[in-house]
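Got your viewer open? Here is a short tour of the model, one selection at a time.

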Amino acid sequence: MRFSQDFAPPGPGGRRPGPGRARARGPLGTLMAALALTLALTGCGGGTDGKAPAAAGVTADRVEPLSTAPEPRLPVTVESADGAEVTVASTDRIVPLTGGLSEIVFTLGLGKQVVARDITATFEQAERLPVVTRAHDVSAESVLSLKPTVVLAETTTGPAEAIDQIRDAGVPLVVVEPARQLSDVGRRIGTVAAALGVPDSGTALESRTRSRIDAVRKSVPAQEDGREKPRVAFLYLRGSASVYLLGGGDSGASSLLEAAGAVDAGKASGLKKDFTAITSEALAKAAPDAILVMSKGLASVGGVEGLVKIPGVAETPAGMDRRIVAVDDGVLLNYGPRTDRVLAELIAQLYPENGADE
């Protein structure tokens, strides 16, 4: 199968020219594009505020809205990430064009006003909504047919012609910068909340998310004297499309791994860009003690036994020990309101000897 340039890692700064005008695709955008196309080709389809839910919450694939209903104060004018000034007068019909944005909108308590989703919004509350993307491309006609009062996109959303068509129809469209690390979580929530006229709910959600992440970080086992931190390599796998990539310093996973008390093996081995093709040499240099993968990616290569058949994997410490950490595709790199659950899941699987998975 021959892939378009969207499957290749982005250039410096995570930017790549898109149709019609320059358009950014960062590491998460690259992954979501590959995930979305694979889904399209294959046809695959709460806790107390301030306290971190159990790691098992990730598998439930649900979001937990704030307990207090939001009260939008509109109209509001905000600056879009692409430089446009956008005035939002109604949130009656919201269309978020990425899974991460959908997660924030639903968690703010505005899920009942969401009228569509993109293919990467797979959590339970959104799964019955109509899909307005094919692979990673937005269908402007599908979006406009639902008569949205506001559309949320990311700098990775395209094609550019579709974004222009939606705006030309007079629909307020706010572009949000994608997330790349833990420090982006609060910024993303605040940006979406401001655009929807619910800044107070945004502040409450930022506070809840931050306190939960902080609580989970405290559960990382202390390193014994002389014991090195586990080296973890992030592999992006799509066996059905023959995509096998090793994450580097800009993959988006480093921040999570470091918060879990681990070392990003790809980054530590000198890989500075987001992803590189998996080779025996690169894996040997990374020498991971564990391998982090997305759940659907692991399934696409035939599970753990299929993973260790990829050249070089079986020879790593992780491959020899079959030490594989799998986290759901829909949440791993979202850096949103469920990041605490992702972090808890990582810790539970990295340190089972400490009872973190009980």
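Two residues are in contact here when they have heavy atoms within 4.5 Å of each other. Keep in mind that you are looking at a predicted model.

**Stop one: Ala 162**

Put that definition to work by selecting Ala 162, which sits in helix α5 (residues 160-168). Which residues does Ala 162 touch, if you skip those up to four places away in sequence? They are Val 138 and Ala 140. Now add Val 143 to the view: from C-alpha to C-alpha, Val 143 and Ala 162 are 9.4 Å apart in space, with their positions 19 residues apart in sequence. Is Ala 162 buried or exposed? Its relative accessibility is 4%, so Ala 162 counts as buried.

**Stop two: the sheet**

Next, pick out strands β5, β8 and β9. Together these three strands make an open sheet, in the order β5-β8-β9, with parallel pairing. As background, strands of a sheet pair through backbone hydrogen bonds, and the pairing can be parallel or antiparallel. At the edges you'll find β5 (94-96) and β9 (173-176), each of them paired on one side only. On average, and ignoring direction, neighbouring strands of this sheet are turned by 15 degrees against each other.

Zoom in on β8 (residues 150-154) and β9: the two run parallel and are joined by four bridges. For a concrete example, select Glu 154, whose bridge partner in β9 is Val 176.

Now bring in the helices. Helix α3 (residues 99-110) packs on this sheet and touches β5, β8 and β9. The direction of α3 makes about 140 degrees with that of β5. Then show helix α6 (residues 185-195), which lies across β8 and β9 and runs at about 170 degrees to β9.

**Stop three: aromatic rings**

How many aromatic pairs does the structure hold? There are three. Start with Phe 106 and Phe 123, an edge-to-face pair whose centres are 5.1 Å apart, with 80 degrees between the planes. Phe 106 belongs to helix α3, while Phe 123 is in the loop between α3 and β6 (133-134), so to speak a link between distant parts of the chain, 17 residues apart. Both Phe 106 and Phe 123 are buried.

For another ring stop, select Phe 234, Tyr 236 and Phe 275: ring pairs link them into a cluster.

**Stop four: two packed helices**

Select helix α7 (residues 199-217) along with helix α14 (residues 339-350). Their axes are 8 Å apart, and the helices pack at an angle of about 10 degrees. Because angles under 35 degrees count as roughly parallel, α7 and α14 are roughly parallel to each other.

Show the side chains where they meet. From α7 come Arg 212, Ile 213, Val 216 and Arg 217; from α14 come Thr 339, Asp 340, Leu 343, Ala 344 and Ile 347. Sorted by class, this contact between α7 and α14 has five nonpolar residues, three charged and one polar.

**Last stop: Gly 319**

Finish at Gly 319, in helix α13 (residues 317-321). Gly 319 has a relative accessibility of 0% and therefore counts as buried. What is Gly 319 in contact with, leaving aside its neighbours within four places in sequence? Look for Val 308, Val 313 and Ala 314. Then select Ala 290: it is 29 residues away from Gly 319 along the chain, and their C-alpha atoms are separated by 7.7 Å.

Conventions
Residues numbered from 1 in each chain as written. Predicted model: local features only at pLDDT ≥ 70, side-chain atom pairs only at ≥ 80, totals over all residues. Heavy atoms only, no water. Axes fitted to C-alpha atoms, helices over the stretch in contact; angles between N-to-C directions. Parallel < 35°, antiparallel > 145°, perpendicular 65-115°, else oblique. Nonpolar A, V, L, I, M, F, W, Y, C, P; charged D, E, K, R; others polar. Pairing = 2+ DSSP bridges. Phe/Tyr/Trp six-rings, centres within 6.5 Å; stacked < 30°, edge-to-face > 60°. Buried < 20%, exposed > 50% of the residue type's maximum accessible area, 1.4 Å probe, protein only.
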